[in-house]
Amino acid sequence: MAARIVTVNRNVKQSFVPILIGMLSTLKYMLRTLFKREAATIQFPEEKRNISKRYRGIHILTAREDGTPKCVACYMCATVCPAECIYIESGERPEKQIEKYCTRFEIDLLRCVYCGFCVDACPEEAIIMSRENDLVGTSRAEMIIDRDRLMARGKVAEQGPGYRPSEHDVRRPVRIAALERLKTEHGIVPGMPERAR
Amino acid sequence: MPKCTIDGREVEVAPGTTVIKAALQMGIHIPHFCWHPDLSVDGNCRMCLVEVEKMPKLQIACNTVITDGMVVRTESEKAAEAHRTTLEFLLLNHPIDCPVCDQAGECYLQDQYMDHGLHDSKVEIEEKVKKRKVVDLGPIVLDAERCVLCSRCLRYEKEVTGTNSLEFQNRGDHTQIGSFQNRPIAHAYAGNLADVCPVGALLSRDFRFKMRVWFLEPTESVCPGCSTGCNVYLDHRDGELQRFRPRRNPDVNKSWLCDPGRSLYNEVGSSARLTGARIKAASGWEGIATDEAFAVIAEKLRYAGKDAAFLATPLATNEELYAFRALADATGGLLDFRVGDPQKRVREKLDEILQHTDRNPNTQGCLDLGMGRSGVDTILKACAAGSLKALVLQGPELLRAPEARDAIAKVPFVAVMATHEEPLLERAQMVLPAAMWAETDGTFTNFQRRVQRIRRAFAAPGLARTRFELAAGILKQLGKPLAATSARELFVELAKTTPDYAGLDHRGVGPMGKPLPLQESA
């Protein structure tokens, strides 16, 4: 079928008035910014936005009192990680009650999707997240962040940590309410096997 | 034949069968800790309680023999309650240290807690009875806190190895297992203790903290360590072999595996593996493309004609041997495999448990395929006389033999298929990189003349190829290509011409292997 050219009459008269209206609007905001300082933007590197306390930024490996990593190398984070960006190697600790720790702990920050599952999965609160979100590097290798860099996070001191479920678990009251409802309305007690109910 | 009903399904079993075995045959898993198919019944864990009609109390499934008309319920309300309370009791003093425990993922306590427990512990961590942790028992690490006192390890030590190195110490909830004065386990079957332990009390020193088991992918295979041919799982992740685990075969190895066999997994990932073909030039070794290498060998073989010799290796699979024999037949040269007389030791026992003196997995296969055709002495004499123009070795065994050294030096062209770098390869003129048992499909024939399947778990490193691909490559260059292109097809070809193998194929071999009639062969 041959193409058909259609002329549509949009019924618009050409005029300079709408352009003037637009420029007036621009002028209005320019004057506001100049004299009232009401800008929506911030002066980024010098000025930082107030980031939520539950923000999921670059990870932090927490330390014990003696400075060694809290991580016991249980691989829960590596197991749950949907991006498969966590690499761990484990070694033996002299304390028999702890036994195990990570000798290598690397996160490929270019693969990481910052979902925070690793933080949820950790039984020791050994991995938490920071509010740091400005990530720069000049090579891929540089973006694979190792154990020592994950533990020594200078900016955390000024910003405070980010996502950390046990600190401020907003979901807990919600979860308890849901459990109560299950019990009262349906007679189900989670934690009991199917046939014992 | 007594008939009984288990969970509403009727079944007829052999007289003397216990409930737990009958249920297992029907695919019903009754939870248990102390029962093990290859150990005596102890009945101490009380986990396998089932309800039997007309019996006033619950019975343990592991020690209740099925009688005619018995009606068993394994998941009735009473039985489920018993499972839950027994498990709660066993977990009373258990330290919940699953995050650092290597058993996590294959632990009976974990699995059965998810199936039958799911209760909250009534004992605070601080109140639990503390026991010894990280006790060094040589190849085994003992953690008495995690133990459920099922006595599997004690029975294993008593009934299988006869060494009795472990015992119960103390009484009541202070009971724990241990060896006398913490002496290390000294026998060559210690690794089985870690497998036999249903929980994380006895763990392997070698595998300690190496890998979480849920990352591992198992491939059914056969241990290449000796002519016993123990059935194993190759546990691997991302192309790296992490450990051997025994695979139960009541006719070969039961549930056991020896420690020397277990340690073989190290060889596959070794940094000494060969990854490319090379040829000796005037200035030393030079890398060469595999196809070019085939062409060079084919040219040398064409030149040598009948003055060529071929030496197979009992480390190769039947399929690889078959392809190698076809190569020897194509040129009409001499053929043998017997370096160091392994064929005389195929059935010679090293101990009364598993191991055999012959450290090759497929000497019987070599004999069955008639690889011992010309005699190694004849080949060596021909070498020494300088009449041989080419020698093709399927494995580096002959290079290692000190008596063959001078004879080999007189052969102008020696090509060897090898898996690992070693100084003795200097004696060859060409090296072809070969795949190992974890990287090839095929069959081994063990000392009982049982044909057993090995499976490829992952790809060979670099440009290494299976020995049948190497033989097929040379045959193609010789203008006599093999009709078969895979191990499966090769085996079908092999079965047509080999006595007793007739009609067999890879599927027919099955997961437990196929026994062939045993005859005293030369």
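**Figure 1. Packing of helix 2 of chain B against helix 3 of chain B in the predicted model.** The axes of helix 2 (residues 77-90) and helix 3 (residues 108-117) of chain B lie 9 Å apart and enclose an angle of about 135°. Helix 2 of chain B and helix 3 of chain B are therefore oblique to each other. The crossing of helix 2 of chain B with helix 3 of chain B is left-handed. From helix 2 of chain B, the contact involves B:Ala80, B:His83, B:Arg84, B:Leu87 and B:Glu88, and from helix 3 of chain B it involves B:Gln112, B:Tyr113, B:His116 and B:Gly117. By class, the residues of this contact between helix 2 and helix 3 of chain B comprise three nonpolar, four polar and two charged.

**Figure 2. Contact of helix 8 of chain B with helix 14 of chain B.** Helix 8 (residues 290-304) and helix 14 (residues 467-477) of chain B are packed with their axes 8 Å apart, at an angle of about 60°. This angle makes helix 8 of chain B oblique to helix 14 of chain B. Helix 8 and helix 14 of chain B form a right-handed crossing. Helix 8 of chain B contributes B:Thr290, B:Phe294, B:Ala295, B:Ile297 and B:Ala298, while helix 14 of chain B contributes B:Gly473, B:Ile474 and B:Gln477. The contact of helix 8 with helix 14 of chain B has five nonpolar and three polar residues, and no charged residues.

**Figure 3. Contact of helix 9 of chain B with helix 14 of chain B.** Helix 9 (residues 318-331) of chain B packs on helix 14 of chain B at an angle of about 20°, and the two axes are 8 Å apart. Helix 9 of chain B and helix 14 of chain B are therefore roughly parallel to each other. The crossing of helix 9 and helix 14 of chain B is left-handed. On helix 9 of chain B, the residues in contact are B:Glu319, B:Glu320, B:Ala323, B:Phe324, B:Ala326, B:Leu327 and B:Ala330. Their counterparts on helix 14 of chain B are B:Arg467, B:Phe468, B:Ala471, B:Ala472, B:Ile474 and B:Leu475. The contact of helix 9 with helix 14 of chain B consists of ten nonpolar and three charged residues, with no polar residues.

**Figure 4. Open sheet of strands 11, 12 and 13 of chain B.** The three strands are arranged in the order 11-12-13, and their pairing is antiparallel. Strand 11 (217-222) and strand 13 (240-246) of chain B stand at the edges, each with a single partner strand, so one side of each has no neighbour in the sheet. On average, neighbouring strands of this sheet are turned by 30° against each other, direction ignored. Strand 11 of chain B runs antiparallel to strand 12 (residues 231-237) of chain B, and six bridges join the two. B:Pro218 has B:Asp235, in strand 12 of chain B, as its bridge partner.

**Figure 5. Open sheet of strands 21, 22 and 23 of chain B.** This sheet of three strands has the order 21-22-23 with antiparallel pairing. The edges are formed by strand 21 (442-445) and strand 23 (514-515) of chain B, each with a single partner strand, so one side of each is left without a neighbour in the sheet. Four bridges pair strand 21 of chain B with strand 22 (residues 450-454) of chain B in the antiparallel sense. B:Gly442 is placed opposite B:Ile454 of strand 22 of chain B.

**Figure 6. Domain division of chain B.** Chain B is divided into domain 1 (3-90), domain 2 (98-268) and domain 3 (278-515). Between the C-alpha centres of domain 1 and domain 3 of chain B, the distance is 51 Å.

**Figure 7. Contact between chain A and chain B.** The contact brings together 18 residues of chain A and 16 residues of chain B. On the side of chain A that touches chain B, helix 2 (76-80) and strand 2 (86-92) of chain A each supply at least two residues. Strand 2 of chain A gives the most to this side, with three residues. The residues of the side of chain A that touches chain B are divided into nine nonpolar, four polar and five charged.

Note on methods:
Residues numbered from 1 in each chain as written. Chains lettered and ligands numbered in written order. Predicted model: local features only at pLDDT ≥ 70, side-chain atom pairs only at ≥ 80, totals over all residues. Contact = placed C-beta atoms within 7 Å. Nonpolar A, V, L, I, M, F, W, Y, C, P; charged D, E, K, R; others polar. Pairing = 2+ DSSP bridges. Axes fitted to C-alpha atoms, helices over the stretch in contact; angles between N-to-C directions. Parallel < 35°, antiparallel > 145°, perpendicular 65-115°, else oblique. Left-handed = near helix turned anticlockwise from the far one by under 90°. Domains from an automatic or database assignment.
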